[in-house]
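Trainee: Got a minute? I'd like to go through this structure with you.

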Amino acid sequence: MVKIRLEGTPQECQQATPRLAEVFDVVSISHPYPNRGASRLVRVYVEVRLGDQRDVDHGVAARRPQATIRRAGGELPAP
């Protein structure tokens, strides 16, 4: 299982969680936790189960993402 932290406005997090369910097997979704200080943002924790990739048809052919994910100055390996 993988835990994903969403951070945004309550409305953004509420919109993002069903979209994650289109791609992943969502196990649990936490209540929104307010960020510290005067921030209007919240954190929502989503736990997903990885398994067989789900076939999601968005009307376009599957292709490699255009974004490059970087971590600590080094590129992560391709999935």
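**Asn35, Ser28 and the chain**

Mentor: Sure; start with this: a polar contact (N or O atoms within 3.5 Å, one able to donate a hydrogen and the other to accept it; residues adjacent in sequence count only if both atoms are side-chain atoms) of 2.7 Å joins the side chains of Asn35 and Glu7. This is a predicted model, where local features need pLDDT of at least 70, side-chain atom pairs count only at pLDDT 80 or more, and totals for chains, interfaces and linings use all residues. Residues are numbered from 1 along each chain as its sequence is written, and side-chain values use heavy atoms, with hydrogens and water left out.

Trainee: Which other side chain has a polar contact with Asn35?

Mentor: Arg43, at 3.0 Å.

Trainee: Where does Asn35 sit?

Mentor: In the loop between β3 (33-34) and β4 (42-49); strands are DSSP runs of E, at least two residues, and helices are runs of H or I, at least four, numbered from the N terminus.

Trainee: Is Asn35 buried or exposed?

Mentor: Asn35 counts as buried because its relative accessibility is 12%; buried means under 20%, exposed over 50%, partly exposed in between (1.4 Å probe, protein chains only).

Trainee: New topic: what about Ser28?

Mentor: Ser28 lies in strand β2 (residues 25-29) and is partly exposed, at 32% relative accessibility. Ser28 and Val46 are 18 residues apart in sequence, yet their C-alpha atoms are 5.8 Å apart in space.

Trainee: And how many helices and strands does the chain have?

Mentor: One helix and six strands, in the order β-α-β-β-β-β-β from the N terminus.
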